[in-house]
Each structure stands twice: as structure tokens, then as C-alpha cells.
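Grab a drink and open the structure in your viewer. We'll walk through it together, one piece at a time.

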Amino acid sequence: MSKKWHISRRRMLKGMGACIALPFLEAMALPGMSSPYSGSAGSPVRNAFLYLPNGVHPDLWSPAQTGRNFELSRQLSPLKNVKDDILILGELMNKNSIFEGADGHYAKTASILTCLPIKQTIGDNISSGGISVDQVIANAVGNETLFPSLEYGLDRIATGVDINVGFTRLYASSISWKTATQPLSKEIDPRLAFDRLFRSFVPGKAAKEDPWKRSVLDAVMEDARNLKKNLGRSDQDKLSEYLESIRSVEKRITSEANKEKFAANITPDIVKELKRLDQDIDEYVEMYAGVDVTEKTRLMLDIMALAFWSDATRVITFMFGNAVSNRNFSFLEGVNGAHHSISHHMDDPVLMEQYARITTWHVEQYAYFLEKLKSIKEGDKTLLDNSMITFVSGLRDGNRHSPRNVPLVVAGKAGGKLKTGQHIIYEKNTPLANLYLSMLHAQNIEVESFGDSTGTLNGILV
Amino acid sequence: MVRSVISIATLSCMVVAMAHAQEANLYETTLRPILEKRCIECHNTGNTKGGVNIDNYKEQARVVKDGAFWLKVLDQIKNRDMPPSTEPPLPDNEYEILVKGIDSVLQSSLRERVPGHVVIRRLSHTEYQYTILDLLGVEFDAKSYFPSDASGGGGFDNQGGALFFTPLKFERYYDAAEEIIGQLRADVEKWHAIVPFDYKQTWWQRLANWVKSLFSDNYREINAPEVAAEKVIVPVATKAYRRFLREDEKDRLIELFSSVYDATDTLSNPHRFNEAVAQAFKAVLVSPHFLYRAEEEPRVRGVYPLSNFELATRLSYFLWSSMPDEELFSLAYQGKLQDTLVLEQQVKRMLADPKAKRFAESFAAQWLGVSKLLENTQIVDPERFPEFDMTIRKALYRETVEYFYYVLTGSRNMLELINSNYTFVNEELAKYYGIEGVTGPEFRKVDVTERWRGGVLGMAGVLTTTSLPTRTSPVLRGKWVMEQLLGVSPPPPPAEVAELPKDEKSHSAVGLRKLLERHRSDPACFSCHVKMDPLGLGLENFDAVGRWRDSYGSVAIDPSGVLADGQKFNGPVELKELLLQEKQRIARNFASRMLSYALGRSVLFTDEPALRQLEQCLIDNNFDPQVFIATLVKSYPFRMKINDFRKKVDEII
């Protein structure tokens, strides 16, 4: 009954039309929302990697000026409220996405966070070349949170194999790799994603915890160990995935310290936001029609913001779409068609205009997320200040499939380690992995190299 | 220095020796050393010139597994293209050894009928769903609850290499088990089908047990809960694991039961008993023995047959997407499944069972690509085609499944997939197609007077999923015909490809045909598009949602064409007839797709003899699917296995 009276923020946004840029409305943010990390003792660094499929309009991306005084380009214009919080980096390239047999998309997607060549296969020996950078971070800091990392997206894994280039479409759909041979599952349903993290904190929704879970897990863990002895080597490797998964779940349910810490993090401000979001998700499910994906995207981004805010995790990846995504963007004004098709614009100005609008929509969502993080205080800083939120595509211009000079923005200061508010153009074909190495160093993960890195990037670390 | 002198001497002896002995490890002993000397410098893990890594191939079995690649290697060496002219050429004796040796390794693998290794398979979501239904009678929507999987091999979701396990998946499996067992307990009838009694100790039994316990720590309890529990837990676990339980597996489940039972003495029976049984059931549903179809590896050499239960499991997941039923299970127990006559009878019985529709659905929907119709994503532009809603999408999906099922079990000629004079519709779909006189929601076979509809190329589901959201794509349709029906894959387009304008308005002015002709005039595009485009243009009478049309607005459609081999046709009806002449390719395509689906892996080089046999079987038996499937399950890749060539890990942590 009360629902009738409740005008959610989302409904209001809907009324305003989906195509205009929507900055996070400060007035609607809970006043003085503050994070559990409000003391001056160092807040943890949060990492998110947002992946954009199909590239961008190549001429409307990079700002005309470099350095601190730059003007945002058209496609980057939604970032105006966070201009001082971002780094726009030019001429970086994922070199290992080019190899003999590499195709236009798959080889540039599965390796976007590994920076190593993927294995060309239709499914029998899937390999991303190596661990992805988000998982390197999760390995280093994941022990401190309830979830070492989260993997989100909007679309199911693309089915089928692309026999004419010889790749399984899994490669189009996975950017997080625990190991070279172990892609992580992507959560795409806001309801399931929300409940996994927060259900027990929504008043009236908490389900009772299963008291027998540990005993059940112990029994099947023993099953798996015994089974493994009787298998051949490839099967043993495959079954290790099971053993590792069960261990990670067991660790979570037995780690009282982390559970208590997480529960303590759920401040009254967070509970308020949880309730609101929970209701929005309910409404969304009710009215889901499937064309305009803005709403779903924002729900996922809201969950991500909450996950960072409550320190449920410090590492998240998010895929706006699978590579080669042919999402129908006709819900945007002035766009009539599907993403991948439009990205093959053949330099036709009409198509290029539509391409730019689609990219701008993605940057709007990114800006929404950044502004949301910025609205949350952590001590004398904001959640955004303590984050590194990367927005990247595997290729520059969809019409040319070129992995050189990839579209790339990093937002947030990593707790003061990054010098944001700059547009920097590097030497041509600088390894993208150099950025990742810099990001690892910025949060004191001291590794000598990552992927094909040759060093850290100049000019971004304090 | 000394070494090379010796090796030259020994090598020349080996050429002679090789001719006589079919060495099991010819590769390791003789070929590999030469490759190491001559090839690996440029073709190793750190340096993969031309994308080729020879260093990877340390074992003969690996060479055999990638036989298709080694045929190319052989070709290069044979033609003296490798080593390249910049390197010293191969001495004659080494040339001889390599060319003969590689050839012999590959030939003998075909002669010896080496089955490929099938990696352990996690149940696909479809298989999980059906197995739960057959095991417990509970319906569970696994596909929307579990994080989605990818496809591998022949493009199916049951391919072990592409089925992963992750922490998130484990959580979902656990929650699913809880949900499923919860549903089972809530439904008295279903619960009693599995646990057919209400467990209780009478007051007299309790008293007697108490008295016994006073005299001994090790007494035998009368009507002990463990004994009763075993009677219900073991049958469920046996079916779920698709084999008999080992002693320790049984013990673990009973121990789990006991620990729950002991800890819940505040509950009264039968509730207490049921609660504890439910926990054991949950363990069964998240056990790797249930979630994986494992084929164990005994320490034997060479090729050997699958165990009886493993064979029953392969068979039932192939044709029913689920666990073996009682008959299969008992045949396996009696060891009769290895008998090819019994196998044939079982194939016949299984295809006649309604559960065969699951196979029809799973195989056909994935092969033909219509599973996209059920996914909750836009495939056409809703403004342009508002009538193409979820109802019609579901109906189109159903049409393909019913049609395939009929071909499989009714018509028994797989060529009718390509051309026939019937299709399957309900009232909704009949209206969409403009077929009159069909009422009601159920699907039925109807004769089609317009001959373009009969067969997959007239199905609006196929025609739509091979179109773009706003227009048809003759290239995509042509490519689909080549790949899915003829099994020929055109190479990928050059990196800088241009697509057609997205809007039909713009091409109706010039004509789509003209645009494509312009495209084809580019020599880089010609060789493939001359094959693909006519196939797709022949289907231009179907619009982007599969409805018949005669023109693009004001411009009439010209559906005529010339195939790459010069044969002419006019429109889809004649096109289908021309396609039917490609019997060999169609048979080969059926064979390799179905083998890949049945085994859950890609087709390998060593499958070649089996594929030839299957291809011939189709051609000789008028494309009869039952004979074909029986031949498939009797074939060595389906019935035999070989151990992994990599060394096992013995220490399990």
C-alpha cells in the first residue's frame, strides 16, 4: 500500500527521460552519508574495472589539450563534475591482444586485464594467458573483506563458438581470471547480486542461516579429495576448481572476524540506502520491459557503490556488455540500431554520430558511479578519493578493431597516491600493463611486473 | 661434437628400424630430438613464430591429439618450407625420419582407433534441471538461477572444457540444494515417494535401548535411526552418483545424518529424522559425484572400454539430458551394455521415450541457434517489429524443437530438416505464417502449401536470429547455411571490414543486391562472399522477422542466384533443392556435430575414422537418425577411453 505514495528516485529519473545526462542528484543523497572508515586511520583502496565493448568514436574521445588544463571531449563530457578526479591516459595499448590468429574482439577482451595472449580455442583448452589484475589485487587484499572480489555485468555469457575465427564466445564475456584457466562467474541479476551481499541486513528480509552448512561442506570436500585421486590429470585440474570454490565458501562462513567486521560496517546510513535500493530492485523487477538498460545498469552500480561503502569487497569488475555486444540502443535519442553494427560505421557521419551517443551513454553511467562514490564521506576524504575506478575498452575504433590507443580513464586518487585531474599522452604503444603495475604499486602491492609491463607510468603516481 | 657424430650414426640405423617397428613412443625417442635441434629455437613458448609452438609437444599422445595441426607441420617439412631458407636445411636423413615418422605416428593413431580424452564434465544447467526432476520429482529453474556458462567444442553447453566451477557457482549450488530439498519436504507426496515411512521409535524400543546402553557402550540399537536412514539415503545417492556407492561415501553421508540427528534432540520424530535425512540429501546434491560426470582413470595402459555405469551415464545424458533410469542402471549392473545389440535396443527404447524430446530440444536449439529466442534480450527492434513479442518468440522456438523431434522419431529422415512439406504450428504461429484453420495453443503438424516454409530455412526463428535487429543480413544468413548446415566455415573477414548500412530504406534505393555486388568486387572479399551471399540472397523473400515479402517497399526482390559451383536457382524452394544435393557435406556436418554433443568435447583428429563411418551410415541409410545414433553410440570414441597422457598428481590437498 505504502508503495503508491513512494516516488522513488528512479521513477523520477524515468520521467525525465533516459537520454539526458543525469548527474547524481546531490539533494537526494543522504545528507552526510559517511562510511565506516570515517576515522583518519588509512582507508582501504577500492578498485573497480568497468569494461566497455566495441570501442568509441575515435575523434571525440581524447581532450584537445594535455596536462591539467584540458577541456573534456564530447564523449567525456558527462565527467564534468569529477574532472579533477580523473586521469585520461592516451596511447596505451594491450600489445598481447595482437598475435597470430587473434581476431577483432575476443583476443582484446579476455586479456584486457591480463595483458597476455589468450589461447585460440573453441573450448577445449581455454586460457587467458594469466591472472587478471583485479585478481592480483584480490589475492593481496581479499582476505580482509567478506568477498575477495565481485564480478558483475549486464549480459549472460555469450553462447556458442565463433568457428570462423576459432574462439569460444566465453572470451567475449570474461575479463576476470583467477588463473589463466579459470574465468570467474559473472553476476548479472541485481536481485541475486544484492541478496548475496546484503539480504541479511534488510530489516524483515533476513533468512536464517543454515546451521548444518559446515558439516555438509566437510562431507563433500572429502568426496572431492577422494574423487581426485582416481582421476586423470586434466580431470584433476578441473576438479581443483571445485575444491578451491568450496574452500573459499568455507572460509567465508567460518571467518567470524570478517563477518563481524562486515556487520559492524553496516551503519544506519548504509541500512537506509540498503532499504531504498532493495525497494528499487523490487520495483525494477515489476516493471522490467527490457529495452532501456539504464535502470538495470544503475542498480548494479548502486550495489557496487554499497559494496565499497560497506567494505564488503575492495575489488569489482563490471562489463557493460560482452564484446561484439549488439545491444539495441534505439532507446537513446538519435540512435537507431545495435551497438556492434553501429560501431562498424564505415566513416559514415550518420552512424558515427550514433556511435558517439552510445559511448556517451556509457560514460554517463560511469560518471553516475563516480559521483555516487564522491558523495560518500570517508573521514576528510570521499569514497572516490580512496578508489581507483578504471573505464576501459579493448579497442579504440570499432570500425578498425585497433587495440592501439585504447580509450582509458582512471578515476579516484587511491587514497592520495594518484595525481588526478590530468590528460597525459604517452609514447605510442606504451603497454597497458604499465598502468596496472602503477595501480598495484599505488596500493602497496609490490610486484616487479605484471603481464607485459616494462615499468610504471610516468606522471601519475605521487 | 662427439654427440653429433654419434647421433648421425644412430639416426641412419633408426630409419631402418622404424620401417619395421611401430614404436609406441617413436615421437619421444626419435622425432623429438630432431625437432629440438632444428625447430624449437623459433617455435617455443617464449617465441612462437607464426603462432606455432613445437616445444609444447613433449609426448606422442599430444601430437596425436592435435593431429590436424601436425598434418600441417608435416606438410611444411615435406615441402621444405620449414626450416625456412634463412636457416640451414634439414640433412636428408633427418628429413626422411621426420617426414616418415610424423606420418607414421598419425597414421597409426587412426589405425589403432584412439579415442580422444573426455575431460570431466560438470552438469550443464539443463542437465542439472532434468536430473533433479528425475531424481526427486522437483522442478527447479536452474538456468535463471545459476550464473550462465559458455559453450565449447561444437557450440554446445555440455562441453567439459567450457564448464567451470567458481565460488559463486558453489554458493548457488548450495542454495539450490536447500531450495530443492525444502520443496521436497513441503510436498508430502513427493517426500513420501523418497522417504516412504515416518520414522519413530516406540516407547518400548526406546526403553529397551536405554536398558542396553546401561550394560555396554557398544550395543546394537533396536530400530536405530542410522539403519533407517541408510535405507533412504543410499538409494537417492546411488541414483544421483549414477553408480554404486563406495563404503566411505556411504559412511560420510550416514555420519552427517547422525551428527544432525544427535544435535536436534529437541525435535520429535519423524521431524527430527527427516531433518537429518534432508541434510544428507543436501550433501548429495552438492557432492562432486553428483555435480560432475566423472570417468575414473584406472592405472592401465592403452585403450580400454568405459565402465558399465560410465557408459550408461554417457548414454542417458546424450539422449535424455539426465541420469540413467532403472533399466539402464540394471543393464549396467549386469554388464550387458557393452553388448552392441543391447546398445541398439536401448537407443531405440530411449528415443521412443518422451524424455528424448529433451535431446531434440537441447541439440536442435543450440545447433540451429534458436535458443536465443528464449533469452531475455532484444533480438529485433521493437519499434519496427512490435508484433515480434515474447509469445511469438516462444512459439518459433517450439516450432523448431517439435520439428526436430518429429524428424528424429517420426519421419526418420534427417534430410527433412532441410526440405519438407510440413511444419509445426499452434494458432498463434499459424496466424503469423498466414496458415489457416489452426486453433488452440498446442503444436501440431500441418502441411504447408507454400513450399518455402518446410524445413529449417523456412522457420522464422532461424531467419530472425540470423538477421540484424533492424534488417535482414544476407551475409549472416549465407554464413549460417554454410556453417550450420554444410559444416563449412568461411575464414574471418579481414580486419577492416565494412558492413552494410543498417537501414533498408537506404538500400532499397540502390538495391541490397547491388550493394553486395559492389562489396564482392573487392578481391579481398570475393572468394568468400561469392559463396555466402547467393545463399543469403536466395532467402531475401523472408524479412528480418521471417515473414514472406515480395519487395522492399517499392523495389521488387530478386531471389535468384548462382552458387559458387555455377548452379542456378530462383528463390528459397529451388535453393533448398540444390542444398539437398550436398549429401556428403550435410552428412559430415551431422556426424561431427552430434559426436561433439554426445561426447562433450570438440571433434579431434583421431575421430576421423568414426566420422567417416557415421557419414557413410547416413548416406547408406537414407539419413535415418536411429541407425545413425545407434552407430554413434557403438563407435569407439563413445565407448572407449584412454588415459590422460599427463602425469597424475598423487598428493591431494
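Here is a tour that goes from whole chains down to single residues and back out again. One thing to keep in mind from the start: this is a predicted model.

Let's begin with chain A. It has 13 helices and 13 strands. Its radius of gyration is 22 Å, close to the 23 Å that the globule rule gives for 462 residues, so chain A is as compact as a globular protein of that length. If you lay the C-alpha trace along its principal axes, it spans about 65 × 60 × 45 Å. Of those 462 residues, 57% count as buried. Now think about who touches whom: take the contacts in chain A with a separation of 6 or more, and 70% of them come from residues 24 or more positions apart.

Zoom in on one strand of chain A, β3, which covers residues 150-153. Which residues point one way from this strand, and which the other way? A:Leu150 and A:Tyr152 go one way, while A:Glu151 and A:Gly153 go the other, and all of them are buried. The strand has a partner, too: four bridges join β3(A) to β8(A), residues 315-319, and the two run parallel. Look across from A:Glu151 and you'll find A:Thr317 in β8(A).

On to chain B. This one has 30 helices and ten strands, and its C-alpha atoms fill a box of roughly 95 × 90 × 45 Å along the principal axes. Of its 653 residues, 46% count as buried. Among the contacts in chain B between residues at least 6 apart in sequence, 69% join residues at least 24 apart.

The domain assignment splits chain B into domain 1 (2-111), domain 2 (121-293), domain 3 (376-580) and domain 4 (583-642). Domains 1 and 4 of chain B touch each other, with seven residues from domain 1 and five residues from domain 4 taking part. On the domain 1 side, the elements that give two or more residues are α3 (60-65), α4 (67-78) and α5 (92-111) of chain B. That side of domain 1 divides into three nonpolar, two polar and two charged residues.

While we're at α5 of chain B, stop at B:Asp103, which is found in this helix. Is B:Asp103 buried or exposed? Somewhere in between: it has 14 C-beta neighbours inside 10 Å, so it counts as partly exposed. Its C-alpha atom is separated by 8.9 Å from that of B:Trp70, a residue 33 residues apart from it along the chain.

Next, find helix α12 of chain B, residues 247-263. At 1.5 Å a residue, its 17 residues should span 24 Å, and the end C-alpha atoms are 24 Å apart, which agrees. The buried residues in α12(B) are B:Glu249, B:Arg252, B:Leu253, B:Ile254, B:Leu256, B:Phe257, B:Val260 and B:Tyr261. To make sense of those numbers, remember that an α-helix has 3.6 residues a turn, so residues three or four places apart point the same way. What covers the buried residues here? The cover includes α11 (225-241) and α13 (271-286) of chain B, together with α6 of chain A.

That last helix brings us to where the chains meet. The contact takes 69 residues from chain A and 73 residues from chain B. On the chain A side, α4 (170-173), β7 (182-183), α6 (213-229) and α7 (233-254) each supply at least two residues. The chain A residues that touch chain B divide into 24 nonpolar, 27 polar and 18 charged.

Technical notes: Residues numbered from 1 in each chain as written. Chains lettered and ligands numbered in written order. Predicted model: local features only at pLDDT ≥ 70, side-chain atom pairs only at ≥ 80, totals over all residues. Domains from an automatic or database assignment. Contact = placed C-beta atoms within 7 Å. Nonpolar A, V, L, I, M, F, W, Y, C, P; charged D, E, K, R; others polar. Expected span 1.5 Å × (residues − 1). Buried ≥ 20, exposed ≤ 12 C-beta atoms within 10 Å, placed from the backbone. Rg over C-alpha atoms; globule rule 2.2 N^0.38 Å. Pairing = 2+ DSSP bridges.
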